[in-house]
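Please open the model in a viewer and keep the selection panel at hand. The tour begins with the whole chain and then moves to single elements and residue pairs.

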Amino acid sequence: MRMFRQIAGAVLAMASVVVLPALSATPAASDPDARAEQTLRKLRPAERTTLLHGLSAAWLPPPVPPGYVPGAGYVYGIPRLGVPPLIESDASLGVAWLGGRRGDKEPTTALPSGPSMASSWNPQLLQQGGAMIGTEAHAKGFNVLLAGGNNLLREPRNGRTFEYFSEDPLLSGTLAGAAVAGIQSAHVLSTVKHYALNDQETGRAFHDVLISEPAARESDLLSFQLAIERGQPGAVMCAYNRINGGFGCGNDWLLNQVLKRDWGYKGWVMSDWGAVHQLDFALAGLDQQSGQQIDPQVFFDKPLLDAAKNDAGYWARVDDMNRRVLRSIYAVGLDRHPPKLRKVDVKAHAAVAEQVALQGSVLLRNNGALLPLPGNLKRIAVIGGNADAGVMAGGGSSLVHGPDGPAALRTIGPEGPFSKMMNETYHDSSPIKALRARVPNTQLSFRSGRYLTDAVAAARQADVAVVFATQYMSEGYDVPDLSLPDGQDALIAAVAAANPRTVVVLQTGGPVRMPWLGSVGAVLQAWYPGARGAEAITALLFGDANPSGRLPITFPSSEAQLPRPALDGAETVEPGFVGRGRPGQTLTINYDIEGSDVGYRWYARQALQPLFALGFGLSYTRFDTNCSNPVATPTPQLTCSVRNMGDRAGAEVVQIYLTSMAGTATRRLAGYQRVMLAPGESRELRIELEPRVLAHWRDGQWQQPAGQYLLASGRSSLDLDPPLTLTLPARNWK
Ligand code: GLC
């Protein structure tokens, strides 16, 4: 077979012009496939790899390439054919700061973290957020945002938890798709990443995830499938790690079989930076080598051309690789809508970030209705969390700061090129300033929290104590456990002992343990709340806005509840950015322990009681929800009426869980919808259910067994109404 391919390749290479199907005259701009085909046939031999490899572009030596902006990546275009270069920035939370290397003076707006965005359960809001950061990227000269971070929060200690959305595939995939659609509406191409099962940072460059196909299809892959269907990302970024032995960027199963054959994906697969280990990744489905300087070789240039001359398989791949990149360029309009350096509406953009923080903060406890705080308190003790300086940001490639950099920085990063992006930093949104502006006649006593006695004394003399607690997370590292670092648990306990009217505001990347929970009055989870985080937190604390966030991830009561209580590799892989480990080091992670029962599904299967359940969140008002009439066609759906029973406006998130599938107990989020209601207002919702959640993946297809399906509406994965029954026929589909 190989001989045949070599002969055929030789013949093809001799034909200076490959015979392609005749095309009509210039195809319509709306037909990216035809346009790609047309450009492909015009490529000269030397141009056949131009689009297939790119530079890591934080800094490039002069003379810099056309349109270059310091960022994550740069791929040369083909000006002769009107094909633009790809000018790539990170990432999901906004235009990355890059340690200030870009040097432009225009403000940059940081969205709140992924779990914050996800806590809104509001795809429309995420589309707005995506459009905002897409516009900022376009206005800074970029035409690609390496966004759409969509790995499932399978491992709550994952250092990149703050970049991703949820432990549930339906919630994660629908939200990621919305964010991608928003970005691309600004004619900036987005990715989804990191495909797939890159669910922890420890050993990410080499760890091998073991998982059965059904388990993968029903969890992490379903999340990517939904995101791709709904967002139509121009590219998919493959992951560093191995999956069932094969590296993510050279994994024929993931790339050729699942993504391109089964899902019919027409965009291109780009590598992560430094994730290409050999040329034949091209045959496994990789279309573009990113950050080529980091790899051992620029495989996707002369070595690829040479292989194509002698091998028909490589020749055909080179055509397909170009076709995919070109098609996405045309589909997103990068050629027709080139980036344009310009000012943006900073106020409007900040308002989007603030709206996400308002809808993405989760009220976890409110004992005795301590919140909302009255506006006439005499004294509030404000303690910890660098609350005088700003609100916490996550570290690594996705870090967003404006031209003046972070409002505060604590050095914890490693030495080397990444250190500036790895340090603990804070956005310039100060809680103390925001609180002072909200209650100018209240005395605010700020204490850093570094000395317990100092904080306790301030708390004792105050009407209310507000403790800001932080858990820093960053790309390249996982957190060793789910405790609050730097002695914050002891600080909170001491403050609460001195003043039971203590409010804890969490700014964490992911779930944390709360040994002090029973002794505090209220807990507001603000995650990393972004550019206007302090203003949003203040509005929620004083009731100017009603908390409406619902958790997108389960909070375990301890690590013992996790499928893998000990973090894989924690003992054997030296911590350090990108977790490269020692040469030849291996690490196997068995995701088949939980399989597709990630997060809340695992707790339900093991009958475990977590600290807080997926979907949980309190409000300053209360709702009454009644669902009925589940029907199977056109897509399974049911009707829910929701009423706001209280005296203030608020948003409810109606969640529909599958609790039994043809007689087998399960727990799966099958549909959801957020609704904003005025006091006393009621609304009828039709909530569509995702058919693939109502099915198993078996023998290469989705299989929906015939029988009775129990569907329960709920306020969380553990707080469910009596189930409704839907009878479904047996059905199989790809
Ligand atoms: C990184 C990250 C990826 C990012 C890329 C470019 O290592 O894994 O998310 O987009 O490099 O900075």
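With the whole protein selected, the radius of gyration is 26 Å, which agrees with the value near 27 Å that a compact globule of 734 residues would have. That radius is taken over C-alpha atoms, and the globule rule is 2.2 Å times the number of residues to the power 0.38. This is a predicted model, in which local features need pLDDT of at least 70 and side-chain atom pairs count only at pLDDT 80 or more, while totals for chains, interfaces and linings use all residues. Residues are numbered from 1 along each chain as its sequence is written, and side-chain values use heavy atoms, with hydrogens and water left out.

**The whole chain**

Orient the view along the principal axes: the C-alpha atoms fill a box of roughly 85 × 65 × 50 Å. A cartoon display shows 18 helices and 30 strands; these are DSSP runs numbered from the N terminus, helices being H or I with at least four residues and strands E with at least two. Of the 734 residues, 64% are buried, where buried means under 20% relative accessible area, exposed over 50%, and partly exposed in between (1.4 Å probe, protein chains only). Among contacts with a separation of 6 or more, 75% are between residues 24 or more positions apart; a contact means heavy atoms within 4.5 Å.

**Helix 17**

Next, select residues 533-541, which form helix 17. Is this helix mostly covered or mostly uncovered? It is mostly covered, with eight of its nine residues buried. Among the buried residues are Ile 537, Leu 540 and Leu 541. Extend the selection to the packing partners of the buried residues, which include helix 12 (346-360), helix 14 (431-438) and strand 17 (464-471). Just after the helix, stop at Gly 543, which takes a positive phi of about 80°.

**Helix 2 and a charged network**

Move to helix 2, residues 32-42, where eight of the eleven residues are buried. Its buried residues, including Arg 35, Glu 37 and Leu 40, pack against helix 11 (312-332). Glu 37 also belongs to a network of salt bridges with Lys 260, Asp 287, Arg 317, Asp 320, Arg 323 and Arg 324. A salt bridge here is a side-chain nitrogen of Lys or Arg within 4 Å of a carboxyl oxygen of Asp or Glu. Side chains of opposite charge can pair when their charged atoms come close.

**Three salt bridges**

The whole structure contains 49 salt bridges, and three pairs are worth displaying as sticks.

- Select Arg 513 and Glu 559, whose side chains meet at 2.9 Å, N to O. This pair links distant parts of the chain, 46 residues apart: Arg 513 is in the loop between strand 18 and strand 19, and Glu 559 in the loop between helix 17 and strand 20 (588-590). Arg 513 is partly exposed at 24% relative accessible area, whereas Glu 559 is buried at 11%.
- Select Asp 104 and Arg 102, which form a salt bridge of 2.6 Å, N to O. Asp 104 is partly exposed, at 24%, and Arg 102 is buried, at 13%.
- Select Arg 605 and Asp 597, whose closest N and O atoms are 2.8 Å apart. Arg 605 is partly exposed at 43% relative accessibility, while Asp 597 is buried at 17%.
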